[in-house]
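Please examine the structure shown below. The questions and answers that follow concern its helix packing, its burial and its cysteines.

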Amino acid sequence: WHSWNATKCFEKHELQLRYLLRALRHCVVGGMVVYTTDSFNPVENEAVVLEALKQCGGSAALEDAGLDRSTLDWIDGLEDW
């Protein structure tokens with residue numbers, strides 16, 4: 001936390017977006033990409049997914065993976081910020 005600043009979250013957003021877009025480019029049709037971060041910051045999480053989906057122009061979709069979450073501490077992602 002000592003080195004965190006607002007600029008870093010936007011740098012991380014760009015980095016995370018590049019990672020996700022690369023994974024999507026390499027995913028086969030009908031395949032699945034799982035995206036996760038170690039941050040609670042929506043700029044590094046939900047905003048990355050939203051931007052990736054926009055850039056994919058409909059060739060990728062956000063879907064529930066159908067995982068059994070009963071053993072996980074789970075909260076839904078943010079819907080707005």
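Q: What is the handedness of the crossing of α1 and α2?
A: This is a predicted model, and its chain has two helices and zero strands. Helix α1 spans residues 6–26, and helix α2 spans residues 46–56. The crossing that α1 and α2 form is right-handed.

Q: Which class of residue, nonpolar, polar or charged, is represented by nine members in the contact of α1 with α2?
A: From α1, the residues H13, Q16, L17, L20, L21 and L24 take part. They meet A47, V48, V49, E51, A52, Q55 and C56 in α2. One residue of this contact is charged and three are polar, while the nine are nonpolar.

Q: How are α1 and α2 oriented to each other?
A: The axes of α1 and α2 lie 9 Å apart, and the helices pack at an angle of about 45°. Angles under 35 degrees would count as roughly parallel, and 65 to 115 as roughly perpendicular. The angle of about 45° falls in neither range, and α1 and α2 are therefore oblique.

Q: Is Q16 buried or exposed?
A: Q16 lies in helix α1 and touches Y35, T37, E44 and V48, leaving aside residues up to four places away in sequence. Its relative accessible area is 14%, and the limit for burial is under 20%. Q16 is therefore buried.

Q: How many disulfides does the structure hold?
A: A disulfide is a covalent bond between the sulfur atoms of two cysteines. The cysteine sulfur closest to that of C27 belongs to C56, and at 10.0 Å it is too far for a bond. For C56, the closest cysteine sulfur is in turn that of C27. A pair would have to lie within 2.5 Å, and the number of disulfides in the structure is zero.

Q: Which cysteine, C27 or C56, counts as buried?
A: C27 has a relative accessibility of 25% and counts as partly exposed. For C56 the value is 18%, and burial requires under 20%. The cysteine that counts as buried is therefore C56.

Q: What percentage of contacts between residues at least 6 apart in sequence join residues at least 24 apart?
A: The chain has 81 residues, of which 20% count as buried, and its C-alpha atoms fill a box of roughly 40 × 30 × 20 Å along the principal axes. Among contacts in the chain between residues at least 6 apart in sequence, the share that joins residues at least 24 apart is 64%.

Conventions
Residues numbered from 1 in each chain as written. Predicted model: local features only at pLDDT ≥ 70, side-chain atom pairs only at ≥ 80, totals over all residues. Heavy atoms only, no water. Helix = DSSP H or I, 4+ residues; strand = E, 2+ residues; numbered from the N terminus. Buried < 20%, exposed > 50% of the residue type's maximum accessible area, 1.4 Å probe, protein only. Contact = heavy atoms within 4.5 Å. Axes fitted to C-alpha atoms, helices over the stretch in contact; angles between N-to-C directions. Parallel < 35°, antiparallel > 145°, perpendicular 65-115°, else oblique. Left-handed = near helix turned anticlockwise from the far one by under 90°. Nonpolar A, V, L, I, M, F, W, Y, C, P; charged D, E, K, R; others polar.
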